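Here is a friendly walk through a model you have in front of you. Have the viewer open and follow along as we go.

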Amino acid sequence: MSAMTNLITTSAAAEIAAAVAAEMRKYIQVEPTLTLDEAAKELHISITVMRQMCRERKIPCIRLEKSYRIRVRDLNAYLDERTVEAAG
């Protein structure tokens, strides 16, 4: 009987853990980010210029200790703001 009790307890614990994880996903969303090197390559600029843009707050970036990360959506927004429409 105790082996069966352990199985029920383990099963119930797994269900509870899954429910908690699903609830947490509603509130915690990790967005895709790029390193400065990756973002610089996407923009075809040097890593030095990319760092300067972050330091001068020309592009939104996330500071993690000694490094920066840039959200993909922020990089896209930066490009959208600078898009020049074709004449005509």
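The report below covers charged pairs, a nonpolar patch and one helix.

## The model and its salt bridges

Please keep in mind that this is a predicted model. Searching the whole structure turns up seven salt bridges, and a few of them deserve a look.

Start with Glu56 and Lys58, which form a salt bridge whose closest N and O atoms are 3.1 Å apart. Glu56 is partly exposed, at 41% relative accessible area. Another salt bridge joins Glu81 to Arg82, with 3.2 Å between the closest N and O atoms. Here Glu81 is exposed, with a relative accessibility of 61%, while Arg82 is partly exposed at 44%.

## A linked network

Which residues are linked to Arg71 in a network of salt bridges? They are Glu31, Arg73 and Asp74, which together with Arg71 make up the network.

Within this group, the side chains of Asp74 and Arg71 meet in a salt bridge at 3.2 Å, N to O. Is Asp74 buried or exposed? Asp74 counts as buried, because its relative accessibility is 10% and the cut-off for buried is under 20%. Its partner Arg71 has a relative accessibility of 26% and counts as partly exposed.

## A nonpolar patch on the surface

Now turn to the surface, where Ile16, Val20, Met24, Tyr27, Ile28 and Val30 make a nonpolar patch of about 690 Å². One of these residues, Val20, lies in helix H1, which spans residues 2-27. With a relative accessible area of 43%, Val20 is partly exposed.

## Helix H3 and its buried face

Helix H3 covers residues 47-55, and Met50, Met53 and Cys54 are buried in it. Looking down the axis of H3, you will find its buried residues within an arc of 100°, so they line one face of the helix. A general point helps here: an α-helix has 3.6 residues a turn, so residues three or four places apart point the same way.

What do the buried residues of H3 pack against? Their packing partners are helix H2 (36-43), strand E3 (67-71) and helix H4 (72-81).

Before leaving this region, check the backbone just after H3: Arg57 takes a positive phi there, of about 60°.

Definitions and conventions
Residues numbered from 1 in each chain as written. Predicted model: local features only at pLDDT ≥ 70, side-chain atom pairs only at ≥ 80, totals over all residues. Heavy atoms only, no water. Salt bridge = Lys/Arg side-chain N within 4 Å of Asp/Glu carboxyl O. Buried < 20%, exposed > 50% of the residue type's maximum accessible area, 1.4 Å probe, protein only. Patch = residues over 30% accessible without salt bridge, like charges linked within 9 Å, V, L, I, M, F, W, Y side chains within 5 Å. Areas by Shrake-Rupley, 256 points an atom, 1.4 Å probe, with all protein chains shown as cover. Helix = DSSP H or I, 4+ residues; strand = E, 2+ residues; numbered from the N terminus. Arc of directions from axis to C-beta. Contact = heavy atoms within 4.5 Å.
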